[in-house]
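Hello,

Thanks for offering to take a look at this one. Here it is, and my notes on what turned up follow below.

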Amino acid sequence: MNQDPLFEWISAGTMAIPNYLLKHYKKIGLDNDDLVTLLQLLSLVENGQRFPDSQLLAERLDVSREEAFKAIHQLMKKKVLTIETRKDEEDKTIDEFSFDLLYEKLSALLHQSIKKEEEQKEVLASKNLYQLFEEEFGRSLSAMEIQTLNIWVEEDKYLPELIEMALKEAVLNQVYSLKYIDRILLTWEKKNIRTRDQVEKESKRFRKNQSNDVTKEKSDPDEKPVPMYNWLKDKFDN
């Protein structure tokens with residue numbers, strides 16, 4: 001039998017611990033003692049002890065059996081550990097620890113963090129929008145105009161990049177009006193245009209049609225001239 005300590009260490013196996021758990025365990029209501037207990041239980045379960053005796057946990061934690069039982073109860077109270085009952089291969093009823101609630105908490109925290117990050121990016125992008133509009137308009141925005149921008153972002157849920165593209169189209173038409181830009185955004189919304197790429201594709205399609213109309217106009221001088229570029233197709237004047 002190999003008595004090498006390194007061999008014994010390797011034979012004991014390893015356990016994968018989610019870094020997200022180590023980094024954010026306090027955010028789901030756990031303290032240091034809870035984490036150590038949880039990791040020990042995860043280790044035992046991973047090594048085949050689906051429902052380890054509290055005495056085994058007590059030995060690992062170097063505490064009394066009663067304290068180990070209380071530590072398990074604490075994890076259950078904090079809703080990161082449950083005891084599930086199921087039938088085994090021999091149709092016998094057995095109990096086992098389940099960490100599903102723990103993973104659900106971590107998943108919810110991750111999604112919440114992602115959502116918060118996206119919201120922070122939107123706020124930052126909105127602030128940049130104010131500056132961009134003032135630069136293009138050559139003046140400070142009025143309180144009503146700022147409110148309109150906020151409505152676009154917070155209520156209408158327009159992406160800041162889409163608002164920026166609408167501003168660009170308005171500037172190309174030399175129309176410095178939020179009402180005009182609002183009509184552009186509404187037109188895109190009706191066409192289900194929601195991204196920069198979709199705007200650029202629609203713009204190319206429109207300009208191509210416009211070019212064809214200009215060619216037709218040259219061949220037929222009696223035709224009425226068309227505007228150089230107008231997303232709204234005269235809706236703004238109605």
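One term first: a helix here is a DSSP run of type H or I with at least four residues, and helices are numbered from the N terminus. Please also keep in mind that this is a predicted model.

With that term in hand, helix H6 is a good place to begin. This helix covers residues 100-137 and holds both phenylalanine 133 and phenylalanine 137; the two are four residues apart, so about one helical turn separates them. How many aromatic pairs does the structure hold? There are four. Phenylalanine 133 and phenylalanine 137 make up one such pair, edge-to-face, with 5.7 Å from centre to centre and 70° between the planes.

Are these two residues buried or exposed? Residues under 20% relative accessible area count as buried. Phenylalanine 133 is therefore buried, at 0%, and phenylalanine 137 is buried too, because its relative accessibility is 12%.

Phenylalanine 137 also pairs with tyrosine 176: the ring centres lie 6.0 Å apart and the planes stand at 90°, so this pair is edge-to-face. Tyrosine 176 sits in the loop between helix H8 (160-172) and helix H9 (178-190), whereas phenylalanine 137 belongs to helix H6, so the pair ties together parts that are 39 residues apart in sequence. Tyrosine 176 itself counts as partly exposed because its relative accessibility is 42%. Together with Trp152, the residues Phe133, Phe137 and Tyr176 form one aromatic cluster.

Next comes a residue that touches part of this cluster. Glutamate 145 is found in helix H7, which spans residues 143-155. Which residues does glutamate 145 touch, leaving out those up to four places away in sequence? They are Phe137, Arg139, Ser140 and Leu178. Glutamate 145 has 14% relative accessibility and so counts as buried.

Finally, a word on the surface. Phe51, Met76 and Ile83 form a nonpolar patch there, and their accessible area together is about 230 Å². One of these, isoleucine 83, is in strand E1 (residues 82-87). Isoleucine 83 counts as partly exposed, because its relative accessibility is 37%.

If you open the model, phenylalanine 137 makes a good starting point, as a member of the aromatic cluster and a contact of glutamate 145.

Best wishes

Technical notes:
Residues are numbered from 1 along each chain as its sequence is written. This is a predicted model: local features need pLDDT of at least 70, side-chain atom pairs count only at pLDDT 80 or more; totals for chains, interfaces and linings use all residues. Side-chain values use heavy atoms; hydrogens and water are left out. Patches are made of residues with over 30% relative accessible area and no salt bridge: like charges are joined within 9 Å, nonpolar side chains (Val, Leu, Ile, Met, Phe, Trp, Tyr) within 5 Å. Accessible areas come from the Shrake-Rupley method with a 1.4 Å probe; for residues, only the protein chains shown count as cover. A salt bridge is a side-chain nitrogen of Lys or Arg within 4 Å of a carboxyl oxygen of Asp or Glu. Buried means under 20% relative accessible area, exposed over 50%, partly exposed in between (1.4 Å probe, protein chains only). Contact means heavy atoms within 4.5 Å. Rings of Phe, Tyr and Trp (its six-membered ring) pair if their centres lie within 6.5 Å; planes under 30 degrees apart count as stacked, over 60 as edge-to-face and the rest as tilted.
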